[in-house]
Each structure stands twice: as C-alpha cells, then as structure tokens.
Amino acid sequence: EREFRALFISRALSTVGDYLARAALTIAVFLETGSEALMGITFALTVLPDLIGGPVLAGLADRFPRRVVMVAVDFGRALLVLLMAIPGMPLAALWALLFVIRLMDAPFNSAYISTMSVVLPGKRLVRGSAVTQLVNHVSYTIGYGLGGVIVAATGLSVVLVFNSATFVLSALVILAGVLARPATAGAGSPPSLLGSARAATRFIFGHPRLRLIMLFPFAIATTLASETLAAPYASQIGHGPAVAGLLMGAGPAGLVIGLWLLPMLISDQRTRHLVVLAVISCVPLALFFAVPGVVVACAL
C-alpha cells in the first residue's frame, strides 16, 4: 500500500530525529547548567504541551485537509528547530520554541491517525497501527540512545539541524506518497477549536468508561520521571552524556521487547493483566536505591 508506506517512512524519519533532539536537549541543558531542576523543566516541555495541544489543536485535522495539516506542521517544526540550533540561544527562548514545537504535535498526530484509518480500513488498521507502534518504540530507542553520544561528540546545534532535516524529509514523503483529500468537518461542527474541545470533553467525561481510559495514562506518565533523571544519574555514577543517552534509550528498548514477548506469554490478555503489569512495571525503579552501575541500570 503506497500511502501506508509513505506514512510509515514519514513517521519513522521524524520520530528518530525528534527523540534524538529531545535527549540531546535535555542532556545539554544539564551539562550546561548542572541543574536537575532546569533539566527537568526542559524534559517536561517535551511532553506537557500534549495536554494542551491534544484537546485544543487536534481538531485542525478535521477543519483542514489532513495532508495539508501534516505537511504544514512538518515544515513549521523544521523552521522552529532550526531557530533552536542558533548557537548561544538563551534557555528561555529554547523553552518557548520547544513548547510551540510540541504543541504542533497534536494536529499532526490527529491528521496522521485519521489518514491511517482511511488508508487501512477495518482490521488492517489494527495490524498497521501495531507495526507503526513497534517502529515508533524502536525509533525512540535509537533517538534516545544516540542523543547522548552525538551531543557529546558534535554539540547540540548539529543534532537540532539533523532533527530539522528529518521533519523536511517527512513532509516531502507525505507530499509524494499521500493522496490529497478534502477536510472532513461537517456543517454541524462547533464554530471554533475551543468549542470543539469543550464538546469533546463533555462527551468523554459523560461516559465513565471513556473517562477512565482517558485518565489512566496520567498514572503511567509518572514513570517518565525516570527519564528526566538519566543525565544526573549518569553523572552520579561517574559517566557522561553517552551513558545518559543509553539510560534514556533503555526504557523504549524494553517496550520493544515487551511488545514482542508479552503476547507469547499472555495470549489472552484481559483487564486484570493490565492492572498487574501497570503496578509491577514500576518495581524495578525501586532497586535504584542500590545505585547500580551502567549495565544493571539499563537492564532495570
């Protein structure tokens, strides 16, 4: 399927570059300032804007043609990342640009998922989404794992320029491989993005099962704190940014193995399995009280 290949390649390109830049930026801020707090704020700005952009900006994917949204967002992110690559950029300016870039993820992701549902209808969407999810986690692993090594060898600016290039390539692949389709918002849609967000929020919180599904990821998100501590932990055990990148990449690597291994161990997955796995997934973090070395830390 030509369109699926284009979407697949686009996502893989931009995800590797994006997570390479996320790791490099977080580690670079820690190396430059020595402050865990400033590093934590930087990492938070790579994930928190989703809480705003998701409800408010995702509706752009319905109000405008989805291919146009994806291409416009990719070129916009490429330009903003290039601005971040300017040497000597103040930290506050980096934070502001990073926040806007992350806000732009929401309309891209919404347009991407909606296009996938058209390109791969029915059960094919489940298989296509599973493959895409697996590749995303592999991309996270590569991006995080190489981020520390490359920022140590070349500096932050080179990493950000590479990230900008991946966004440009992503846009070009979408232009070449995805068909143009009209916007899907109907005449009865709310007149504004905020109106759409309010309508969606009322619908979700009016249904207990949907409400639970939407709130569940907030509990999972607490484990992201371990990624923010990779750089200071590497420093504590006497290592530099390369090891910090390996520690950040170890989590996504575990996800890749889990996606392959767990369906074989638990063929009939049910809600009770989800609850147990969610709880025990945090247990290895408690073993860091023993201050393990690099190999054991990555395994945990």
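Colleague: Why does Tyr112 count as buried?

Modeller: This is a predicted model, and in it Tyr112 has a relative accessibility of 3%. Buried means under 20%, so Tyr112 with its 3% counts as buried.

Colleague: What makes Tyr112 and Phe108 a stacked pair?

Modeller: Two values decide that. Phe108 and Tyr112 have their ring centres 6.3 Å apart, and a pair needs centres within 6.5 Å. The planes of Phe108 and Tyr112 are at 20°, while stacked means under 30 degrees. So the pair is stacked.

Colleague: Where do Phe108 and Tyr112 lie?

Modeller: Both are in helix α7, residues 105–119. They are 4 residues apart, so about one helical turn separates them. Phe108 is buried too, because its relative accessible area is 1%, against a limit of under 20%.

Colleague: How do you know that a charge sits over the ring of Tyr112?

Modeller: The charged end of Arg11 is 4.5 Å from the centre of the Tyr112 ring. The distance cut-off is within 6 Å, so 4.5 Å meets it. Arg11 does sit over that ring.

Colleague: Which residue has its charged end over the ring of Phe108?

Modeller: That's Arg77, with its charged end 4.7 Å from the ring centre.

Colleague: Why is Arg77 called buried?

Modeller: Its relative accessibility is 4%. With buried set at under 20%, Arg77 counts as buried.

Colleague: What makes Arg77 and Asp74 a salt bridge?

Modeller: The closest N and O atoms of Arg77 and Asp74 are 2.8 Å apart, and the rule asks for within 4 Å. So the pair qualifies as a salt bridge. In general, side chains of opposite charge can pair when their charged atoms come close. Arg77 and Asp74 are 3 residues apart in helix α5 (residues 66–84), so about one helical turn separates them. Asp74 is buried, and so is Arg77.

Colleague: How do you know that Arg77 also pairs with Asp105?

Modeller: Same kind of check: the closest N and O atoms of Arg77 and Asp105 are 2.6 Å apart, and the cut-off is within 4 Å. Arg77 is in helix α5 and Asp105 in helix α7, so this pair ties together parts that are 28 residues apart in sequence. Asp105 is buried, because its relative accessible area is 6%. Through shared partners, salt bridges join Asp74, Arg77, Arg102 and Asp105 into one network.

Colleague: How many salt bridges are there by this rule?

Modeller: The count comes to 4. One of the salt bridges is formed by Arg181 and Glu3, with closest N and O atoms 2.8 Å apart. Arg181 lies in the loop between α9 (156–177) and α10 (193–205), while Glu3 is in helix α1, so the pair ties together parts that are 178 residues apart in sequence.

Colleague: Why is Arg181 called partly exposed, and Glu3 buried?

Modeller: Arg181 has a relative accessible area of 29%. Partly exposed runs between the 20% limit for buried and the 50% limit for exposed, so Arg181 belongs there. Glu3 has 7%, so it counts as buried.

Colleague: What makes the pair of Phe4 and Phe8 tilted?

Modeller: Their planes are 45° apart. Stacked needs under 30 degrees and edge-to-face needs over 60, and the rest count as tilted, so 45° gives a tilted pair. The centres of Phe4 and Phe8 are 5.9 Å apart. Both residues lie in helix α1 (residues 2–33), 4 residues apart, or about one turn of the helix.

Colleague: Are Phe4 and Phe8 buried or partly exposed?

Modeller: One of each. Phe4, at 17% relative accessibility, counts as buried, and Phe8, at 25%, counts as partly exposed. The 20% limit falls between those values.

Colleague: Which residues make the nonpolar surface patch?

Modeller: Val275, Val276, Leu277, Val279, Ile280 and Val283, covering about 500 Å². Helix α15 (residues 271–280) gives the largest share, 5 residues.

Colleague: Why does Leu277 qualify for that patch?

Modeller: Leu277 has 31% relative accessibility, so it counts as partly exposed. Patch residues need over 30%, so 31% meets that cut-off.

Colleague: How many helices and strands does the chain have?

Modeller: The chain has 17 helices and 0 strands. Of its 300 residues, 38% count as buried.

Note on methods. Residues are numbered from 1 along each chain as its sequence is written. This is a predicted model: local features need pLDDT of at least 70, side-chain atom pairs count only at pLDDT 80 or more; totals for chains, interfaces and linings use all residues. Side-chain values use heavy atoms; hydrogens and water are left out. Patches are made of residues with over 30% relative accessible area and no salt bridge: like charges are joined within 9 Å, nonpolar side chains (Val, Leu, Ile, Met, Phe, Trp, Tyr) within 5 Å. Accessible areas come from the Shrake-Rupley method with a 1.4 Å probe; for residues, only the protein chains shown count as cover. A salt bridge is a side-chain nitrogen of Lys or Arg within 4 Å of a carboxyl oxygen of Asp or Glu. Helices (H or I, at least four residues) and strands (E, at least two) are DSSP runs, numbered from the N terminus. Buried means under 20% relative accessible area, exposed over 50%, partly exposed in between (1.4 Å probe, protein chains only). Rings of Phe, Tyr and Trp (its six-membered ring) pair if their centres lie within 6.5 Å; planes under 30 degrees apart count as stacked, over 60 as edge-to-face and the rest as tilted. A charge sits over a ring if NZ of Lys or CZ of Arg is within 6 Å of the ring centre and within 35 degrees of the ring normal.
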